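Subject: The structure I promised you

Hi,

Here is the structure we talked about. Have a look at it first, then read on for what turned up.

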Amino acid sequence: MPADGVAGAAPRPRLAYVYEPGSFATLALFEAADGEEGVRLAAECRPDLILMDIQLPVMDGYEAARRIKADPSLRHIPIIAVTSFALSGDEGKARAAGCDGYVAKPFSPRKVLAMVRHFLQ
């Protein structure tokens, strides 16, 4: 069910206002409750970038990334894997699933912002 609680309703974004010296941007953020919803939202909303939690219910982030990258109309969307359970080999597993970037929690917000900038250029 969508975040607004209305089945069948169009997803409504949250707005994020980002300020950096010399610039100000408004971003539309869509949040999925699980991996299956994340794949559906990617297809419906066509985001410029996806921050994908790996530990998701219903369908984990690896499988969600694989499904998004398997769709020719979505495969161009960069996916940054975000995980709190970073073990040896996890970054390789995320990249094998189609993730373009990887960050482990706790992370520096500046590092994530730099990665987001890199993929949005």
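Let's begin with the surface: the protein chain exposes about 7,700 Å², and carbon and sulfur atoms supply 57% of that area. Keep in mind that this is a predicted model. Of the 121 residues in the protein chain, 33% count as buried.

**The overall layout**

You should be able to find four helices and five strands in the protein chain. Walking along the sequence, you meet them in the pattern β-β-α-β-α-β-α-β-α. If you take the contacts in the protein chain with a separation of 6 or more, 40% of them come from residues 24 or more positions apart.

**The sheet**

Now look for the open sheet, which is built from three strands in the order E3-E4-E5, with parallel pairing. Strand E3 (50-53) and strand E5 (101-104) are at the edges with a single partner strand each, so one side of each has no neighbour in the sheet. On average, neighbouring strands here are turned by 25° against each other, if you ignore direction.

E3 and strand E4 (residues 79-83) run parallel and are joined by four bridges. If you want one to look at, Asp 53 has Val 82 in E4 as its bridge partner. Helix H4 (residues 109-120) packs on this sheet and touches E3, E4 and E5. The direction of H4 makes about 170° with that of E5.

Which side chains of E3 are buried, and which are not? They alternate along the strand: Ile 50 and Met 52 point to one face and are buried, whereas Leu 51 and Asp 53 point to the other face and are not. From E3 the chain crosses through H2 to E4, and this β-α-β crossover is right-handed.

At the other edge, Ala 104 is part of strand E5. Its relative accessible area is 25%, so Ala 104 counts as partly exposed. Ala 104 and Asp 90 are 14 residues apart along the chain, and their C-alpha atoms are separated by 9.6 Å.

**Helix H1 and what follows it**

Next, go back to helix H1 (35-45). Asp 34 caps the N-terminal end of H1, with a side-chain oxygen 3.1 Å from the backbone nitrogen of Glu 36. The buried residues in H1 are Gly 35, Glu 37, Gly 38, Val 39, Leu 41 and Ala 42. E3 and H2 are included in what covers the buried residues of H1.

Just after H1 comes Arg 46, with a positive phi of about 50°, although Arg 46 is not a glycine. You'll find Arg 46 in the loop between H1 and E3. Arg 46 counts as partly exposed because its relative accessibility is 41%.

**More backbone oddities**

Why bother pointing out a positive phi or a cis bond? Because most residues other than glycine have a negative phi, and most peptide bonds are trans.

Val 58 is another residue to check: its phi is near 70°, a positive value in a residue other than glycine. Val 58 sits in the loop between E3 and H2. With a relative accessibility of 66%, Val 58 counts as exposed.

Then there is the peptide bond between Lys 105 and Pro 106, which is cis, with omega about -10°. Look for Pro 106 in the loop between E5 and H4.

**A lysine to zoom in on**

Finally, try Lys 69, which belongs to helix H2 (residues 61-70). Is Lys 69 buried or exposed? Lys 69 counts as buried, because its relative accessibility is 16%, and the cut-off for buried is under 20%.

What does the side chain of Lys 69 reach? It reaches the backbone oxygen of Arg 75, at 3.0 Å. Leaving out residues up to four places away in sequence, Lys 69 touches Arg 75, Ile 77, Pro 78, Ile 79, Gly 98 and Asp 100.

That's the tour. Write back if you get stuck finding any of it.

Cheers

Conventions. Residues are numbered from 1 along each chain as its sequence is written. This is a predicted model: local features need pLDDT of at least 70, side-chain atom pairs count only at pLDDT 80 or more; totals for chains, interfaces and linings use all residues. Side-chain values use heavy atoms; hydrogens and water are left out. Helices (H or I, at least four residues) and strands (E, at least two) are DSSP runs, numbered from the N terminus. Buried means under 20% relative accessible area, exposed over 50%, partly exposed in between (1.4 Å probe, protein chains only). A polar contact is a pair of N or O atoms within 3.5 Å; within protein, one must be able to donate a hydrogen and the other to accept it, and residues adjacent in sequence count only if both atoms are side-chain atoms. Contact means heavy atoms within 4.5 Å. Two strands pair if DSSP finds at least two bridges between them. Axes are lines fitted to C-alpha atoms, for helices over the stretch in contact, and angles run from 0 to 180 degrees between N-to-C directions. A crossover is right-handed if, with the strands pointing away from the viewer, the path from the first strand over the helix to the second runs clockwise. Accessible areas come from the Shrake-Rupley method with a 1.4 Å probe; for residues, only the protein chains shown count as cover.
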